[in-house]
Amino acid sequence: MTVTDKKISTLTLEQKCALLSGADTFCTWALPGHGIPSLWLSDGPSGVRKQEGASDHLGINPSAPSTCFPTAVTLAGSWDPDLLEEVGRAMGQEAAAQDVDVLLAPGLNIKRSPLCGRNFEYYSEDPILAGKLAAGMIRGIQKGGAAACPKHFAVNNQETRRMVSDSTLDERTLREIYLTGFEIAVEEGKPRSLMTSYNLINGTYANENTHLLQDILRGEWGFTGTVVSDWGGSNDHALGVKNGSTLEMPAPGGDAVRELMEAVRTGKITEQDIDARVGELLTLVEDARRIRQNKPSADPEAHHRLARRAAAEGMVLLKNEGILPLDPAATVAVIGDFAAVPRYQGAGSSAVNASRVDTVTGLLEESGICAVGYAPGFARNGNPDPARQAEAVALAQTADVVLLFLGLDELRESEGMDRTDMCLAPNQVDLLSAVAEVNPNTVVVLSAGAPVETPWLPHCKALLYAALGGQAGAGAVLDLLTGKACPGGHLAETWPLRYQDTPAAGTFAGPGRIVPYRESVYVGYRYYQTVGVPVAFPFGYGLSYTTFAWRDFRADSTKVTLTVENTGSFDGAELVQIYLGKPDAKVFGPRRQLKAFRKVFLKAGESATLTIPLDRRAFRYWNVETDRWAVEGGDYQICAGTSAADIRFRAAVTLPGSGDPLPYTGLALPHYETGDIVHVTNREFERLLGHPIPQEKTVIDRNMTLGEIGHSRSPLAWLINRVHTALLRRSLQAGTPDLNLLFNYNMPLRAVAKMTNGMVSMGMIDALVMELKGFWIIGLVRLVAEFVLNGLRNRALEQRLNAPAKEETP
């Protein structure tokens, strides 16, 4: 019997059940009489957000100061897993220094659409890149002293109705696009915990999905750690425990304990299921205990310097007509509100209380730039302001060069809501046009967590995508503009010309709960490159101040070798991207797919020979006929390039196949065979799925959202819905979105019982459902009765949980 087994044997069933849910917003239950401390979990994709005082999950209440590192979208531009490991280690150190045991990071969901409001927290549209970067971040966090918790597992790609949306997709798309990144993160990063997503996947909630958690995560990938629900993301706690979910967060109170005990009594689950999950949790607790005994220290100044370097390495130079780096003798006008009030992170649960925040205007003197002045130029909320624009235009006429700082404001990108378009605010575009007319030497620095349409690109001579650079991002921008740092970032996602060109434009964040992934494997560049759709900037694109020459390219089925030389006058980094395609493929798929990459830093005149391995994932596809990974035999083309569109070398290799039967024989899938997924019919999508497309339906039950209760039969609910909707609309129009209102609007009723520290029980929710169905008096009476009983039960539970330990079972 292991030490953990002995510990479990001393616990009552009730105590074990209690351990499998949170005690409050960020802490698990402690059982002091059994030597089991609580765990502290904290948000942190871009820094530690340990809350002080009243806790919440949306970043509204204050948190302890921490380093705000560049967001995931910025770090992804580095294409450097080693850099992310370094950043992760610093984050882990800060977490451990604040007694945070589990850092809820990194986020690695696929960027299916550029409109996802949370894309700034995610890495890429490509699973190989996302997985490799996430693995580096995970290794760093855990070396720093906290457990990493990659999220959100899985197929979580929109904020609209995020807690009840049903991601409907075929198994091949699930495996190749939406799970491969997590597979790499788990196998190469070895995280001690993992967070499930809010949504359903093919009709089953992720947190209780047997196929996802048992078959794949724990079975195929061998994950033995703690699985944590997203905050309020548990639908059926007992089924979650049975199917591999360890910990229900945040704070469902004693109701969750009673639910599990009743499930054991009725045979819905077994006590062995409970013990398995408790064993996973106690392993995490013991890891945390060891780390706390040797708590690492954190160096805020060193971490600020690291944040600046990381931001510089992730920012991407998208256009440069010879104006950058700036001439030291040039006079410069600094224009744009973002220069003085930087947009350096996203809104929501990832928001960090930065230990300090640099600004461009505050660092101008030390940068060496000869600035003639600063003008805000535009109103941040998008309203026209002729006076500000006139002031900016006048300033632009007095300088040799204009640095114009544009971007998306806080309202446009936030957890809880998706963007409605890909456009910059019209007042910013108007300002650019007016400034460029009087001074064509205009450089745009763009702050945004996702792509924007760029019809205004001809009006500037350079465009630096600063993304969301964290607290030191302003210094990174100035380092790049002045040439103290050489741009080496590359896009981790395609920038389309128009939103209408994106493959998921017709199905992303639609009016209902069913989200059909009709585009299948044609996500991002896989679609644009296959069909030949023009884009503004391709996946993997990025400019430099120096030049590189490639030579001696060789490739076989296991590796690629080539020599890279820095032929320019700047020290800088080059990124080699390896793509694979099969021109005569019988199994439909993209024209080319990223399979490996390597970034190398070279001094001017220096060269290096690189050997880039191709791992077991390079040639595989998911065969839906045999339900396993397979290889189609024949000729393949291995390509090396600087982006998905700029291929420098090609080599042909021949592979034997795995002998699996072709998976789509006899199916009519003409648009999938060509990649023209815009014209996929319902019938064709159903053939791909292997079953009919689920139908939308509104059901009055625990999973009706607060935004949907207006469709119920309760006058009280109608009133609540109208007031809620009016308040939300007012906050959006004012430019200050209320995150609580946003979150609650899309929150199902059962989540109220999961997130109120035990004040609301599921029995109370069921009484409310009766009210919504029109049983007003019965529902109200039951609601009051359940409220009283819930309070009595919770007080009794707290007393029993601290009962003395029973003797260990020999």
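Two strands are taken as paired if DSSP finds at least two bridges between them, and with that cut-off in hand the tour of this predicted model can begin at a small set of strands.

**First stop: β1, β2 and β3**

Select strand β2, residues 102–104, together with β3, and you will find the two paired in the parallel sense over two bridges. Within β3, the bridge partner of V102 is A147. Now add β1, and the three strands appear as an open sheet in the order β1-β2-β3, with parallel pairing. The edges of this sheet are β1 (41–43) and β3 (147–148), each of which pairs on one side only.

**Second stop: the nonpolar cores**

Next, show the side chains of Y123, F153 and W231, which touch the most other members among the 141 residues of the largest nonpolar core. Centre the view on F153 and display its contacts, leaving aside residues up to four places away in sequence: among them are L179, F182, L194, M195, L212, L213 and W221, and also T196 and S197. A second, separate core holds 68 residues, including A333, F378, L457 and L481. In soluble globular proteins, nonpolar side chains tend to be buried together.

**Third stop: the six-stranded sheet**

Select the strands β9-β14-β13-β12-β10-β11, which in this order form an open sheet of six strands with mixed pairing. At its edges lie β9 (316–320) and β11 (370–375), each pairing on one side only. Neighbouring strands of this sheet are turned against each other by 20 degrees on average, direction ignored. Inside the sheet, pick out β12 (residues 401–407) and β13 (residues 442–447), which pair in the parallel sense over six bridges, and there V402 stands opposite T442 of β13.

**Fourth stop: two cysteines**

Select C17 and then C370, and ask of each how far it is buried or exposed. C17 counts as buried because its relative accessibility is 0%, whereas C370 has a relative accessible area of 38% and is therefore partly exposed. The count of disulfides comes to zero.

**Fifth stop: strand β20 and its neighbours**

Move to strand β20, residues 572–581, where 10 of the 10 residues are buried, so the strand is largely enclosed by the rest of the structure. In a regular strand the side chains alternate between the two faces of the sheet. Colour G572, E574, V576, I578 and L580, which point one way from β20, and then A573, L575, Q577, Y579 and G581, which point the other way. Adding strand β21 (residues 593–602) shows an antiparallel partner joined to β20 by nine bridges, with E574 opposite V600. Strand β25 (residues 634–641) also runs antiparallel to β20, to which it is joined by five bridges, and in β25 the bridge partner of G581 is Q637.

**Last stop: three helices**

Select helix α19, residues 682–689, in which E684, F685, E686, L688 and L689 are buried. What covers these buried residues includes β4 (166–168), β16 (514–516) and α18 (670–674). Just after α19, look at G690, whose phi is positive at about 85 degrees.

Finally, show helix α23 (residues 762–772) with helix α24 (residues 776–801), which pack at an angle of about 170 degrees with their axes 8 Å apart. Angles over 145 degrees count as roughly antiparallel, and α23 is therefore roughly antiparallel to α24. To view the contact itself, display residues of α23 including M764, A767 and M770, which belong to the set that meets α24 residues, among them W776, L780, L783 and F787.

Technical notes:
Residues numbered from 1 in each chain as written. Predicted model: local features only at pLDDT ≥ 70, side-chain atom pairs only at ≥ 80, totals over all residues. Heavy atoms only, no water. Buried < 20%, exposed > 50% of the residue type's maximum accessible area, 1.4 Å probe, protein only. Helix = DSSP H or I, 4+ residues; strand = E, 2+ residues; numbered from the N terminus. Axes fitted to C-alpha atoms, helices over the stretch in contact; angles between N-to-C directions. Core = buried A, V, L, I, M, F, W, Y, C linked by side-chain atoms within 4.5 Å. Contact = heavy atoms within 4.5 Å. Disulfide = S-S within 2.5 Å. Parallel < 35°, antiparallel > 145°, perpendicular 65-115°, else oblique.
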